[in-house]
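Trainee: Pick one part of this model and take me through it slowly, from where it sits to what it touches. I'd like to see how you decide what is tucked away and what faces the solvent.

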Amino acid sequence: MNKMKKIVLFLFAWSSLSSWCAANNGLPKGTSCYTSRPEDKEAIYFTPQNFNITTDGKTDISSILQQTINKLKLENNFGIIFIPEGTYTLSKTIYIPQAIR
């Protein structure tokens, strides 16, 4: 099985499990059942530790997020960017190409 198919299957399973988990634990819609982030060696973690951003809504992250997405698409043609919970300021439209999640 190629790498892209594995990623698609992983995302489908992750999404299905998340919906099932919330529904079966009486959690409000949109609430995550996951208590820790998944570890993926090939994913990009868009965190203050890895990028010059804040999660308090005080810094406009539009440009750096778009650059990160564009770089991932250019270098790999697909990939995952994990954005942690927080408040973010976006002043521009973010364009997400196919195969970037």
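Mentor: Let's settle the vocabulary first: a residue is buried under 20% relative accessible area, exposed over 50% and partly exposed in between, using a 1.4 Å probe and protein chains only. This is a predicted model, so local features need a pLDDT of at least 70 and side-chain atom pairs 80 or more, while totals for chains, interfaces and linings use all residues. Residues are numbered from 1 along each chain as its sequence is written, and side-chain values use heavy atoms, leaving out hydrogens and water.

I'd pick helix 2, and confidence is a good reason to. On pLDDT (the predictor's confidence in each residue, from 0 to 100), the protein averages 80, with 66% of its residues at 70 or more. Helix 2 (residues 62-76) has the highest mean among the elements, 95, whereas helix 1 (residues 3-24) has the lowest, 53. Where pLDDT is low, the predicted coordinates should not be read in detail.

For context, there are 2 helices and 4 strands, running α-β-β-α-β-β from the N terminus. These are DSSP runs numbered from the N terminus: helices are H or I with at least four residues, strands E with at least two. Buried residues account for 24% of the 101 residues.

Now the packing. The largest nonpolar core (buried Ala, Val, Leu, Ile, Met, Phe, Trp, Tyr and Cys residues joined through side-chain atoms within 4.5 Å) has 9 residues: F46, I53, I61, L65, I69, L72, I81, I94 and I100. Helix 2 gives the most to this core, with 3 residues. Take core member I61 as one example of the company kept there: leaving out residues up to four places away in sequence, I61 touches F46, I53, T54, Y88, T89 and L90. Contact here means heavy atoms within 4.5 Å.

Polar residues of the helix get tucked away too. T68 sits in helix 2 and is buried at 7% relative accessibility. Beyond neighbours within four places in sequence, T68 is in contact with I44, F46, F51 and I81. Q66 is another helix 2 residue, and at 15% relative accessibility Q66 is buried as well. With residues up to four places away not counted, Q66 touches T93, I94 and Y95.

Then look at the charged pair. Side chains of opposite charge can pair when their charged atoms come close. The structure holds 1 salt bridge, a term for a side-chain nitrogen of Lys or Arg within 4 Å of a carboxyl oxygen of Asp or Glu. E75 and K71 form the bridge, with their closest N and O atoms 4.0 Å apart. Both partners lie in helix 2, 4 residues apart, or about one turn of the helix. Unlike T68, which is buried, E75 and K71 are both exposed.

Follow the chain off the end and you reach N77, in the loop between helix 2 and strand 3. N77 has a phi near 75°, positive in a residue other than glycine, and is partly exposed at 45% relative accessibility. G79 belongs to that loop between helix 2 and strand 3 too, but G79 is buried, at 8% relative accessible area. Residues up to four places away aside, G79 touches L72, A99, I100 and R101. One of those partners, A99, comes in the segment after strand 4 (87-89) and has a phi near 75°, again positive in a residue other than glycine. A99 is buried at 17% relative accessibility.

Last, the rings. The structure holds 2 aromatic pairs; Phe, Tyr and Trp rings (the six-membered one for Trp) pair with centres within 6.5 Å, and planes under 30 degrees apart are stacked, over 60 edge-to-face and the rest tilted. Y45 and F82 are stacked, 5.1 Å centre to centre with 20° between the planes. Y45 lies in strand 1 (residues 44-45) and F82 in strand 3 (residues 81-82), so this pair ties together parts 37 residues apart in sequence. Y45 is buried at 9% relative accessible area, while F82 is partly exposed at 22%. The F46 and F51 rings have centres 4.9 Å apart and planes at 35°, so that pair is tilted. F46 is buried at 0%, and both F46 and F51 are among the contacts of T68, which brings us back to helix 2.
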